[in-house]
Amino acid sequence: MSFSTLDDVIRYAVQREEEAYQLYKKAADQTKSIAARKLFEEMAAEEAGHKEVFGKMNLERADHYRKKTLPDMKISQFLADAPLKPDASYPEILAYAIKAEENAYNLYLAAADAIDDPELEKVLHVFADVEKGHKIKVERIYDEHVLSEN
């Protein structure tokens, strides 16, 4: 992946958000758990919102963006990457979502580190921060509904 213009970055980010939206919609359709279905429908809606926000990103908005300082539980460090199975349990679905968001976050960070343009780097850091916030949200749900019950 290489980005040479802001349009390249935005096109890629919008495409990534569309893929995530489709993934979460599919997960909502596949799961037998009502709670998991609700979670994935909410996450799909968030990804649709990200797609819209990312599509409207420009250098001025990136300049005015303030990084969120949310505590990272780092639960993802203890989870393995695994494909999403049609019969996945609620904990497996949450773990999958955490890893997917973490992978998106790491992808944007790696792209930011590989680019020479400071303005494009700033935009990529904004996108990474949004993905990290999503990961942290799902980690909190995992902590409340999986770790607290075990």
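**Entry 1: Lys-135 and its partners**

I started with Lys-135, which counts as buried at 3% relative accessibility. Worth noting before going on: this is a predicted model. I then looked for what the Lys-135 side chain pairs with, and found a salt bridge to Asp-72, with the closest N and O atoms 2.9 Å apart. Lys-135 sits in helix α5 and Asp-72 in the loop between α3 and α4, so this pair ties together parts 63 residues apart in sequence. Asp-72 comes out as partly exposed, at 25% relative accessibility. I also see Glu-139 here: salt bridges with shared partners join Asp-72, Lys-135 and Glu-139 into one network.

**Entry 2: other salt bridges**

How many salt bridges are there by this rule? I get a count of ten. I picked out two more of them to look at.

First I took Glu-46 with Lys-137, where the closest N and O atoms are 2.2 Å apart. Glu-46 belongs to helix α2 (residues 34-55) and Lys-137 to helix α5, so the pair ties together parts that are 91 residues apart in sequence. Buried or exposed? I checked both ends: Glu-46 is partly exposed, with a relative accessible area of 24%, and Lys-137 is partly exposed too, at 32%.

Then I went to Lys-122 and Asp-63, a salt bridge with its closest N and O atoms 2.5 Å apart. This pair links distant parts of the chain, with Lys-122 in helix α5 and Asp-63 in helix α3 (residues 59-64), 59 residues apart. Lys-122 has a relative accessible area of 38%, so I put it down as partly exposed. Asp-63, with 40%, is partly exposed as well.

**Entry 3: Glu-101**

Next I wanted a charged residue without a salt bridge, and Glu-101 in helix α4 fits. Which side chain of opposite charge is nearest to Glu-101? It is Arg-16, at 4.5 Å. The cut-off for a salt bridge is 4 Å, so a pair at that distance is not counted. Glu-101 is buried all the same. I did find a polar contact for Glu-101: its side chain and that of His-134 are joined at 3.3 Å.

**Entry 4: the largest pocket**

On to the pockets. The largest pocket has a volume of about 280 Å³. It is lined by 17 residues, and the closest to its centre are Ala-82, Leu-84, Tyr-96, Lys-99 and Ala-100. I asked which helix gives the most to this lining. That is α4, with six residues. Helices α1 (6-30) and α4 (90-114) each supply at least two. By class I have ten nonpolar residues, one polar and six charged in the lining of the largest pocket.

**Entry 5: the second largest pocket**

The second largest pocket has a volume of about 170 Å³. Its lining includes Ala-62, Tyr-65, Lys-67, Tyr-105 and Leu-109, and also Lys-122, His-125, Val-126, Ala-128, Asp-129 and Lys-132. Two elements give two or more residues to this lining, α4 and α5 (118-147). Helix α5 has the largest share, six residues. The classes here are six nonpolar, one polar and four charged.

I recognised Lys-122 on that list, as it is the lysine of the salt bridge with Asp-63.

Notes:
Residues numbered from 1 in each chain as written. Predicted model: local features only at pLDDT ≥ 70, side-chain atom pairs only at ≥ 80, totals over all residues. Heavy atoms only, no water. 1 Å grid on protein atoms, 1.4 Å probe; cavity = no way out; pocket = protein on both sides within 12 Å on 5 of 7 lines; lining within 4 Å. Points joined across faces, edges and corners; volume = space filled by probe spheres on them. Helix = DSSP H or I, 4+ residues; strand = E, 2+ residues; numbered from the N terminus. Nonpolar A, V, L, I, M, F, W, Y, C, P; charged D, E, K, R; others polar. Buried < 20%, exposed > 50% of the residue type's maximum accessible area, 1.4 Å probe, protein only. Lys, Arg positive; Asp, Glu negative; His and termini not counted. Polar contact = N/O pair within 3.5 Å; in protein donor to acceptor, adjacent residues only side chain to side chain.
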